[in-house]
Amino acid sequence: MKHSGCAVNRERHFSCEDCNGNVSGGFDASMSQIVLCQNNIRNQAHMNRVVTHELIHAFDHCRAHVDWFTNVRHLACSEIRAANLSGDCSLVNEIFRLHFGLKQHHQTCVRDRAILSILAVRNISKEVAEKAVDEVFESCFNDHEPFGRIPHNKTYAKYAHRDFQNRDRYYSNI
């Protein structure tokens with residue numbers, strides 16, 4: 001976040017609250033604040049995924065100046081990236097959801113989760129959400145910043161962090 005020009009202060013930019021429904025968290029763009037729904041987060045692994053998902057939205061807000069409220073394609077892109085990079089579509093999560101598939105299952109999961117997320121925050125039809133996701137899917141699915149890769153598990157996350165540290169050292173020597 002700092003490299004993208006946005007300072008982060010844990011006390012200011014994170015809030016733990018009780019939430020209605022089954023929502024686990026959210027990014028409040030007007031306040032630049034991540035909200036964690038303490039009554040709906042089941043365990044540490046779940047919280048880690050929620051924080052990662054919402055941090056990706058915060059990163060997109062900072063880096064891409066997302067028009068959250070009027071451009072559904074911007075929202076769709078950030079939801080695709082968050083589902084892709086946060087672990088929402090990990091094999092373990094998909095097994096718990098009883099979703100199985102082999103060919104391009106990760107992409108299908110990312111698409112479906114992005115559509116569900118859009119429908120949870122916007123009063124639009126499923127068809128409009130699907131169209132927005134489909135229009136931006138390829139470019140947003142392939143955008144792995146700030147990780148540089150999809151961190152499918154803890155090992156991949158460590159590799160992504162190492163790559164990020166090495167990237168900083170590389171650019172500082174230019």
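This is a short talk that walks through one predicted protein model, from its overall layout to its sheet, its helices and its salt bridges.

Hi everyone, and thanks for coming. Please keep in mind throughout that we are looking at a predicted model. Let me begin with the whole chain. It has 174 residues, and 37% of them count as buried. Its secondary structure comes to 7 helices and 3 strands. If you read from the N terminus, the order of the elements is α-β-β-β-α-α-α-α-α-α. So much for the running order; now two figures for the chain as a whole. The accessible surface is about 10900 Å², and carbon and sulfur atoms account for 53% of that. As for contacts between residues at least 6 apart in sequence, 48% of them join residues at least 24 apart.

Let's turn to the sheet. In what order do the strands of the open sheet lie? The order is β1-β3-β2, and the pairing is mixed. β1, residues 14-17, and β2, residues 25-28, stand at the edges with a single partner strand each, so each of them has one side without a neighbour in the sheet. From one strand to the next, the twist averages 20 degrees.

Now the two pairings. β1 and β3, the latter being residues 33-37, run parallel and share 4 bridges. Along that pairing, phenylalanine 14 sits opposite isoleucine 34 of β3, and serine 15 sits opposite valine 35. On the other flank, β2 and β3 run antiparallel, again joined by 4 bridges. There, glycine 26 is the residue opposite valine 35. Have a look at the hairpin of β2 and β3 as well: 4 residues lie between the strands, and serine 32 takes a positive phi near 50 degrees.

Is β3 mostly covered or mostly uncovered? It is mostly covered, with 5 of its 5 residues buried. In a regular strand, side chains alternate between the two faces of the sheet. In β3, Gln33, Val35 and Cys37 are buried on one side, while Ile34 and Leu36 are buried on the other, so both faces are covered. Helix α2 lies across β1, β2 and β3, and it runs at about 15 degrees to β2.

That helix brings us to the salt bridges. How many are there in this model? The count comes to 8. My favourite place to start is the pair of aspartate 60 and arginine 81, whose side chains meet at 2.8 Å, N to O. Aspartate 60 belongs to α2, residues 44-64, and arginine 81 to α3, residues 72-85, so this pair ties together parts that are 21 residues apart in sequence. Both partners are buried: aspartate 60 has a relative accessibility of 3%, and arginine 81 has 0%.

Arginine 81 has another partner, too. It forms a salt bridge with aspartate 143, where the closest N and O atoms are 3.4 Å apart. Aspartate 143 is in the loop between α6 and α7, the latter being residues 154-172, so here the pair ties α3 to a part 62 residues away in sequence. Put these together with one more residue and you get a network of salt bridges linking Asp60, Arg63, Arg81 and Asp143.

While we are in α3, please find serine 78, which lies in that helix. Serine 78 is buried, at 1% relative accessibility. Leaving aside neighbours within four places in sequence, serine 78 is in contact with Ile56, His57, Asp60 and Trp68. So Asp60 turns up here again, as a contact of serine 78 and as a salt-bridge partner of arginine 81.

My last stop is α6. Another salt bridge joins glutamate 135 to arginine 73, with the closest N and O atoms 3.0 Å apart. Glutamate 135 lies in α6, residues 126-141, and arginine 73 in α3, so parts 62 residues apart in sequence are tied together by this pair. How exposed are the two partners? Glutamate 135 is partly exposed, at 40% relative accessible area, and arginine 73 is partly exposed too, at 41%.

Where is the kink in α6 centred? It is centred on glutamate 135 and comes to about 40 degrees. The buried residues of α6 are Ala129, Ala132, Val133, Val136, Phe137, Cys140 and Phe141. Their cover includes α3 and α5, the latter being residues 105-121.

That's my tour of the model, and I'm happy to take questions.

Notes. Residues numbered from 1 in each chain as written. Predicted model: local features only at pLDDT ≥ 70, side-chain atom pairs only at ≥ 80, totals over all residues. Heavy atoms only, no water. Salt bridge = Lys/Arg side-chain N within 4 Å of Asp/Glu carboxyl O. Helix = DSSP H or I, 4+ residues; strand = E, 2+ residues; numbered from the N terminus. Buried < 20%, exposed > 50% of the residue type's maximum accessible area, 1.4 Å probe, protein only. Bend = angle between axes of the 7 residues up to and from the residue. Contact = heavy atoms within 4.5 Å. Areas by Shrake-Rupley, 256 points an atom, 1.4 Å probe, with all protein chains shown as cover. Pairing = 2+ DSSP bridges. Axes fitted to C-alpha atoms, helices over the stretch in contact; angles between N-to-C directions.
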